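Student: I am new to this structure and would be grateful for a close look at a single part of it. Please take one helix and its surroundings.

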Amino acid sequence: MGGSSKQVVGYRYFANFLLFIGNPIEKVLGINFDKRGWETGKRVPMGTNGELCYLHLPNLYGENEGGVSGVLNIKHGSKIQTVDSAYTKYMNSISLPASAYPYQSYISFSGSELASQFQGMTDEELQDLADEYEDGIVPGKGFYVGNSGYMKEMLLWVKRTRVRNDGREQWYKVRGDGVIVCEIGAIWINAAAFESAVLPRLYIPSTHYTEFDGEKSQTDSETYFNGSLLNSGIGTVTIGGRLSKHLKSQALRRFESRIFKKDDVWEIRGTAIYTGDLTLNFDGLTIFSNNDISTSRHWMAEFTGYIIVKQDGVLEVEGGCDGNYFSDLNAIANVHTFSVSFELRLSTKPYIQINTEHPDINPIHKIREILTDDTAMGKPESDVNDINFMKAADRIWNEGLGISWSITEKSCLEAIEELCGHIEAGVRVNRQTGLYEMVLFRDDWFEENEIYTIAVNKIKSMSLEVANADEAINQLNVTYYNRGAIKDSSFSIAENASIRNLNGRVNAQDADFPYFMNQRNAAIVAQWKLKQMSSPIWKGSFTTAEYNARKWNRYDLLKLSWPRKWQGTITVRIMKINLGTGADVSIDFVEVTPYSSNLSSDIVIDEPIDVGVQPPLACPYEPFEMPYYLAVMALGQRQVDEELSYENNFGLVGVVAQQPQSNSLYAVMMTHDGTEGEEWLRAATINYEPTAELDQIISKTSTSFTVKNSAAISGLLIGTLIKCGSDWIGTPGEWMVFQGVDAYTGVVSVKRGALDSLPQDWGMGTKLYFCGSDVAFDSTEYVAGEEVLVSVLTTTPSGMLEQEGSIATEMNARAFRPYPPANVKFNGNYFPETIVVTNDIVLTWVDRNRLQQTGGATLGFFDTGVTAESGVTYSYELISENFVLDSGVNIELNTATIAASALVPNKPHTLKLWSVRDGYASYQIFEHSFFAESASLILAASIDDSGVAGNTVPAANITVDVDTSLKANMQFNGSGISGKAIPGAVITIEVDD
C-alpha cells in the first residue's frame, strides 16, 4: 500500500545579507524594491550607528510572488559606528571577526517572522526592539525576500548634503543669516536669519480681539490665547503646565503681542486685557480674582525656536520658549513660571524654494568636493578661493539650482564640466593667486570695475566670425531626470522669433541635464543656453602685446572695440589665453549674450508615457447576497437545495468589480465576519466585468437607454446578466438582462427587474456591471442576520492593494425567499401617478418561480407569467400617512381589488405587494406611490362681450351671483350656464364639489 504524500505548493525565502552603499551618508530616504514604489518603513534613530528600519510588505510583489519583511540596520558610515549585531552573530558562527566598516555606509537585512507586529508597534515598543537588536537579539530567521528564491532589484534613495565624502561636516554649511546653503530645498532658518531677513519687514505690533460668550474654562495644555503674533499671520500661544483660568461674561477682551530682540535675547511680549469676572489659578491656588474692574495681565518669553521657509513662501515658526506670567496689581511674589509654544505663519517669499521634502546639494559644494577630496583630485583646501566659492554658493542657492547624482565611475574633469554645464559656470585657476575660482556666467557676476578694456591700437591682429548667423539653433530638446517618475523625462523649448526669421524652419539640438531632478531647473538653464545659441554673436581671437593682458584670466570680461566691424564696444568673455613668444598674447573670446534680456520662447512638455510599473489602484466594486439563481450557477441546484433543506437561512456573498487599470488582470475578494480579533480571509479571485455608466435618467419602465461607453459592451452575448446599483438597506439593487446595443446610436436594450429584483429608478452615472451568471463568491456559508464585510484588493505585477475600507453586506436568507410578483398593473396601467378616488383599484400581476427559472432565457419584470412556485401566496397593503387603509393576505390568485371607498381624497398613497412562502416574504417588495385625487371637473366655456357660456358634470352644484344693477340674463339648466352682461361686468361662478 502506498502512504500519503504531501504536495509542495510554494516556498518562502529568507536571507541575511549586507548591502553596501558606499561612502558616508546622512540618511536613506527610501528603498524601492523592483520599482514598486518608495518605502520608508518605521524608523528608530540609533545615533552614530545610523538607524533601524522596520519593513513589513508581504504582498509587495503580488499575490504569488510575495514581498519583503524584516529589519534593516542602516549604517551611515560613521567612523565610530559599531558592528551590526546580525552580522556579528553570523561571523561568530564561523569563528571569524566581524568589521564595523567605518567610513562605509551599508544596510544589514535580517530578522523577520512574516508578522505584521512592526506596523502596530508604538515608538516606545520599536525603540525597545531596537535595543534588543543592538544587544545581539536578532528576531526571526532572516529577511523575507519573497517567494521566487532571489532578491529582486532595489533602488536606494540616499541623502548626503550636510556632510562631505569623508564624513566631515560640509564646508560652508550655514551662512551668517542662518541659511543652510549647502543644500537646496528644505531650508531651515534660525533666529539670526529671522532677525536679518524677515524681522525688518514685520516689526509691527498686532492686536487681536477674542470674544467669549458665557462661561469657559481651560486647563493644562489647552489654548491660552488665540491671537495674531503679527498682523500678517496667525499665531497660537499655549500654556504648557499647571496654569488654568476661569473666564466668565466675556472676560477676555483683547490680546496684543509683539516679537523682537533685546540684549541678544528673543522675546515675545503680550498684553491680555480683561473686563468682567476673571479668576486665574496656579497649582490649585488662586493667584488673581477680579469681579468688577478692568485690568491687564502681561507676559514675556524668550524665543528659542526655528523658522522654516517652505516651498510656497510660507514661514513657519517651530519651537518654544520659557517665560514668566506677572500681574500689574499683584506683588512680585506672585510671578509664576510657565512654558509657551507658538507658531507663526506668514505669506512672503524671501528666497526661491524648489523642493522641500527631498533637498538637493548645492553644485558649488560638489565641485569644491571634487577638487579637494582625496578620492578625487585631492587638491589642498588652501588652493581654493573660499570667498569666491561662497559667493557662488550663495548665488546658486538663491537661484534654487540644486542637483543630485550618484556616480560610479567618471573622470574628475568630466564631472566638473558637466556640473558647470548645469549651472552655466566655469572653474578656473587664477593666474595671479594660483587659487581655484568659480565664475558664474551671469550679467552681474563681475563688477563694472572688474571688466577690462583694451585700446584698438593695442591689437596687432584680429580674426572674427559670426556664430549662429546662418544655422542658429532655435530649439532645444531638453532631457532631465524626473525624480518622481524615477526615469528620464524630456521637453522642448523653442525660440519663436528665430523660427519665424528662418521661415518656420527648426534647427534643434539636444541639451541633457542628468543631475537636475525637476523640470523647473532644466527649463531655466535651457532658456539661458537657447538665448546664446539663437543669437548671432561675434567670436574669434586677437593678438596683443598689451602687458596687462598677461594678468587676465579665463572667463574674465573684456570691453572690445573694432570699428571695422561694429560701432562702439561689445562685451566679450575670454575663453582662452595663449602666451606666445616674446610679449605677444593671443586671446580667444566669444561675445556675451545678456542673460537678463527677454527670450520669446515656448516650452512644450509632452504628455508623459508611463512605461513604468503602475502600483495597484482601488477598484469600484459591489458586494451582494447571491440570489437563488446565482447560487445554483455557482454550486449546482442539487447542492443548493440540499443546503436550504438543512438550513433555510443559508446564503452566499458575491461581488462584482471593475478593472481599475490595464496592468491588473484580477482582484482578490477579502471577507471578514466582524468578529473582533479575527483576520481577513482571502475568499475568491475576481475576474473583472465589463462596465458602463448610464448617460441619462431612467424610470422603472425604461427598457432602452444610452450609456457613456457602449463600445466596451458591444461584443457581449444577449442574455448577459447586469448588476445595477447597491444592495443596501433602503436602496435595493436591480438585475437586468442584456438584449443588445445599437451599433449606430449606442442605445442599450435590456429586460428590467430580473431574478428576485424589481425595476427601480436610476440616475445618470449609475454603474452597470455586465457580469453574467459567473460571479466571484465567498464559499463560506452564512446565515440570516450576519453582517459580512467585503473588501476587494486590486492585484498587479507591482503588488496587491493594501487592505483599507470595506462594504458591509447583511445576510437575509435571499436564496430561500420566493421571487416577488412581476408585471404589476393598476387598472391595466404601469405605475400610474394619480388615481381618481371614484374608481376601484384592480391590481393584477403574474407569477415567478424561483425553482423553475434556472434554465432558458432569463425573464424580466414585464414578461408573461410562469407556473407559481408551490406554496406561494401574495399579500398587499395600502398606506396613506402611515395608516394602513386596506390589506390582503394569503391571496392565491393573480389579482386583488381595492374599493374606491378605501382611498383618501387628495392624499398620497403607497401600495406594497409581495409574495410569501413558508413564512418568508420575497427579498424585494413591489412598492408604488400615487396620489388619490378627487373627480375632475371639466369646464368648457366661451366668452364674448355680453356673457360666458360653458358646461360641467351633472352632479356639480353651481351658484351664479348676479348684480341686479346690471342688465344681464344668466340661465342655468343643471349642465350649463348661458347669459350676457355689459362690458366690464364681473361674473363669479362657484362650483361646490
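Tutor: The following account concerns one helix, its two ends and its surroundings. The model is predicted, so that local features need pLDDT of at least 70 and side-chain atom pairs count only at pLDDT 80 or more, while totals for chains, interfaces and linings use all residues. Residues are numbered from 1 along each chain as its sequence is written, and side-chain values use heavy atoms, with hydrogens and water left out.

Helix H1 covers residues 85-93; helices (H or I, at least four residues) and strands (E, at least two) are DSSP runs numbered from the N terminus. Within H1, the residues Ser85, Ala86, Tyr87 and Met91 are buried, where buried means under 20% relative accessible area, exposed over 50% and partly exposed in between, with a 1.4 Å probe and protein chains only. Among the elements that cover these buried residues are strand E2 (17-22), strand E8 (105-110) and helix H3 (123-134).

At the N-terminal end, Asp84 serves as the cap of H1. One of its side-chain oxygens lies 3.3 Å from the backbone nitrogen of Ala86.

Beyond the helix, Ser95 comes just after H1 and has a positive phi of about 60°. Leu96 belongs to the loop between H1 and E8. With a relative accessible area of 44%, Leu96 is partly exposed. Together with Tyr90 and Ile94, Leu96 makes a nonpolar surface patch of about 300 Å². Such patches consist of residues with over 30% relative accessible area and no salt bridge, nonpolar side chains (Val, Leu, Ile, Met, Phe, Trp, Tyr) being joined within 5 Å and like charges within 9 Å; a salt bridge is a side-chain nitrogen of Lys or Arg within 4 Å of a carboxyl oxygen of Asp or Glu.

How values were computed. Contact means heavy atoms within 4.5 Å. A polar contact is a pair of N or O atoms within 3.5 Å; within protein, one must be able to donate a hydrogen and the other to accept it, and residues adjacent in sequence count only if both atoms are side-chain atoms. Accessible areas come from the Shrake-Rupley method with a 1.4 Å probe; for residues, only the protein chains shown count as cover.
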